[in-house]
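Here is a short set of exercises, each with a worked solution. Keep the viewer open and try each task before you read on.

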Amino acid sequence: MKYDNSRAFAEEQDQNDPLHHFRNQFHFPVKADGSPKIYLCGNSLGLQPKQTADYVQQELDDWARFGVEGHTDARTPWLTSHEDLAIPMAKIVGAKPEEVVIMNTLTVNLHLMMVSFYKPTGKKFKILIESDAFPSDKYAVESQLKFHNIDPKEGLILWNPRPGEHLCRHEDFEELLETHKDEIALVMVGSTNYYSGQAFDLQRIAKGCQDENITVGFDLAHGAGNIQPNLHDIGADFAVWCTYKYLNSGPGSLGGCFVHEKHIQNQSLNKFVGWWGHNKASRFNMRKDFDPTPTAEGWQLSNPPILSLAGTRSSLDLFEKAGFDKLREKSVKLTGFLEFLIDELDHEGISILTPRSPEERGCQLSIQMKNAERSLFDQLTAKGLVADWREPDVIRIAPAPLYNSFTDVYEFVHLLKHCLHDH
């Protein structure tokens with residue numbers, strides 16, 4: 001796409017954007033004068049859809065009206081409320097509905113998956129992750145190693161960038177697999193790195209693991225609603241994600257979990273189980289031995305929090321209307337425009353850390369600041385930008401295609417240019 005560095009170009013793109021009307025369906029934070037802030041922080045917390053209040057109020061009304069009978073008589077019966085969302089969520093992550101369940105939160109789900117899929121033996125006991133994985137992933141993996149009486153210094157293999165580089169190379173991952181294939185019990189990689197914005201080639205990673213008979217799982221915290229991971233087709237064993245970033249379900253809301261169909265009826269897998277994972281046909285008979293639901297729902301522990309689920313339903317309804325393919329198409333153009341404008345600044349104090357190829361990133365660009373200069377970010381924030389700073393030296397900018405516009409991107413870079421001049 002050919003870009004032009006002008007507000008008129010940005011406004012023209014917005015006028016021609018078939019998804020532009022979705023912007024008006026979200027609440028934007030405002031400045032002291034009542035004008036909207038430049039919100040480019042959907043990679044941390046997605047904006048609230050205006051209709052979410054109605055979705056939550058519906059559940060409150062049904063709770064007031066029906067009490068316990070809301071499990072069957074509510075407009076979205078609570079017994080099956082989570083099941084209804086498996087279809088739209090499956091489309092977003094490229095799965096079959098029976099492979100997906102919305103439950104718990106991300107790190108809880110990661111632990112549950114590792115109970116089933118991390119099976120260390122005498123020699124094959126190591127876990128491979130990317131070196132700059134989100135801290136919670138690293139903590140979870142290390143604690144699983146310790147649970148099995150394995151020293152993380154011995155059991156953890158890190159996929160590092162090369163000296164002087166910031167991005168991981170797939171050929172280095174494959175070299176690690178070849179070197180340690182007889183020792184690795186699990187590969188667990190974030191689909192899109194939270195810091196650099198690098199989106200890994202999940203198909204290539206999955207195939208490499210499958211060739212060596214190594215279990216592979218993915219953390220889609222920064223992938224779900226951002227890139228299309230095609231979990232079923234690539235043959236990932238499992239995946240986990242949150243829904244409060246690009247999926248706009250509300251702060252701390254429920255997570256999602258994928259288990260490939262080749263595993264969902266495997267009774268030999270270890271599980272930490274609870275009653276909501278019991279076969280639905282006999283769940284309420286009680287006093288029966290555990291009989292798992294023969295889908296990803298068999299990993300559920302407890303009945304889902306309905307008020308939180310309402311926020312997830314609200315956002316997924318918008319994703320259904322927009323169509324994920326269209327969102328991804330817009331995202332490539334929107335982030336490409338951001339990249340173009342930053343390059344146009346031609347400023348020695350900033351550089352783009354994220355890969356240049358759209359196939360190697362989602363919507364986020366990580367802007368690296370020379371000499372870890374955070375004061376510029378603080379100045380941008382004071383003037384109405386909502387983004388985030390990640391130590392030691394990165395401003396993360398994420399134009400979410402469902403509600404961000406080309407004009408948002410233009411206004412941000414215009415503001416950045418003025419702050420750089422004043423700095």
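**Exercise 1. A proline and its peptide bond**

Task: Find which loop holds P392, and state what kind of peptide bond joins E391 and P392.

Solution. Begin with the location: P392 sits in the loop between β12 (388–390) and β13 (394–397). Keep in mind that you are looking at a predicted model. Next, read the omega angle of the bond between E391 and P392, which is about 5°. That bond is cis. For background, most peptide bonds are trans.

**Exercise 2. Two asparagines with positive phi**

Task: Locate N104 and N149, and decide for each whether the residue is buried, partly exposed or exposed.

Solution. Take N104 to start with: its place is the loop between β2 (100–103) and α6 (106–117). Its phi is positive, about 50°, although N104 is not a glycine. The relative accessibility of N104 is 22%, so it counts as partly exposed.

Now turn to N149, in the loop between α7 (135–147) and α8 (152–155). Here phi is about 60°, again positive in a residue that is not a glycine. N149 counts as exposed because its relative accessibility is 76%. As a reminder, most residues other than glycine have a negative phi.

**Exercise 3. Looking for disulfides**

Task: How many disulfides does the model hold? Check C168 and C363 by hand.

Solution. The cut-off to apply is a sulfur–sulfur distance within 2.5 Å. For C168, the nearest cysteine sulfur belongs to C209 and is 14 Å away, so C168 is in no disulfide under that cut-off. For C363, the nearest is the sulfur of C41, at 11 Å, and C363 is in no disulfide either. The count for the model comes to 0 disulfides. To finish, look at accessibility: C168 is buried at 10% relative accessible area, and C363 is buried at 0%.

**Exercise 4. The two largest pockets**

Task: Describe the lining of the largest pocket and of the second largest pocket.

Solution. Start with volume: the largest pocket has about 470 Å³. Its lining has 24 residues, and A199, F200, D201, L202 and E359 lie nearest the centre. Then ask which elements contribute: α9 (170–180), α10 (202–211), α11 (231–234) and α13 (324–345) each give two or more residues. Of these, α10 gives the most, with 3 residues. By class, the lining of this pocket divides into 10 nonpolar, 5 polar and 9 charged residues. At least three lining residues come from each of domain 1 (7–47 + 323–422) and domain 2 (78–321).

Repeat the steps for the second largest pocket, whose volume is about 270 Å³. It is lined by 16 residues, with A185, N213, I214, T215 and D237 nearest its centre. At least two lining residues come from each of β5 (184–190) and α10. The classes here are 6 nonpolar, 6 polar and 4 charged.

**Exercise 5. Closed spaces**

Task: How many cavities of 30 Å³ or more does the structure hold, and what lines them?

Solution. There are 2 such cavities. The largest cavity contains about 80 Å³ of space, and its lining includes E130, F134, D137, Y194 and H222. That lining splits into 3 nonpolar, 5 polar and 3 charged residues.

The second largest cavity has a volume of about 50 Å³. Among its lining residues are G225, Y246, F319, P401 and Y403. By class, this lining has 7 nonpolar and 2 polar residues and no charged ones. Domain 1 (7–47 + 323–422) and domain 2 (78–321) each supply at least three of the lining residues.

**Exercise 6. The largest nonpolar core**

Task: Which members of the largest nonpolar core touch the most other members, and which helix gives the most to this core?

Solution. The core has 57 residues, and V187, I205, F218 and W241 touch the most other members. Next, sort the members by element: helix α12 (residues 306–322) gives the most, with 6 residues. Last, sort by domain: domain 1 (7–47 + 323–422) and domain 2 (78–321) each provide at least three residues of the core.

How values were computed
Residues are numbered from 1 along each chain as its sequence is written. This is a predicted model: local features need pLDDT of at least 70, side-chain atom pairs count only at pLDDT 80 or more; totals for chains, interfaces and linings use all residues. Side-chain values use heavy atoms; hydrogens and water are left out. On a 1 Å grid over the protein atoms alone, a cavity is a set of points where a 1.4 Å probe fits but cannot get out, and a pocket is an open set with protein on both sides within 12 Å along at least five of seven lines; lining residues have an atom within 4 Å of a point. Grid points are joined across faces, edges and corners, and a volume is the space filled by probe spheres set on the points. Helices (H or I, at least four residues) and strands (E, at least two) are DSSP runs, numbered from the N terminus. Ala, Val, Leu, Ile, Met, Phe, Trp, Tyr, Cys and Pro count as nonpolar, Asp, Glu, Lys and Arg as charged, and the others, Gly among them, as polar. Domain bounds come from an automatic or database domain assignment. Buried means under 20% relative accessible area, exposed over 50%, partly exposed in between (1.4 Å probe, protein chains only). A nonpolar core is a set of buried Ala, Val, Leu, Ile, Met, Phe, Trp, Tyr and Cys residues joined through side-chain atoms within 4.5 Å.
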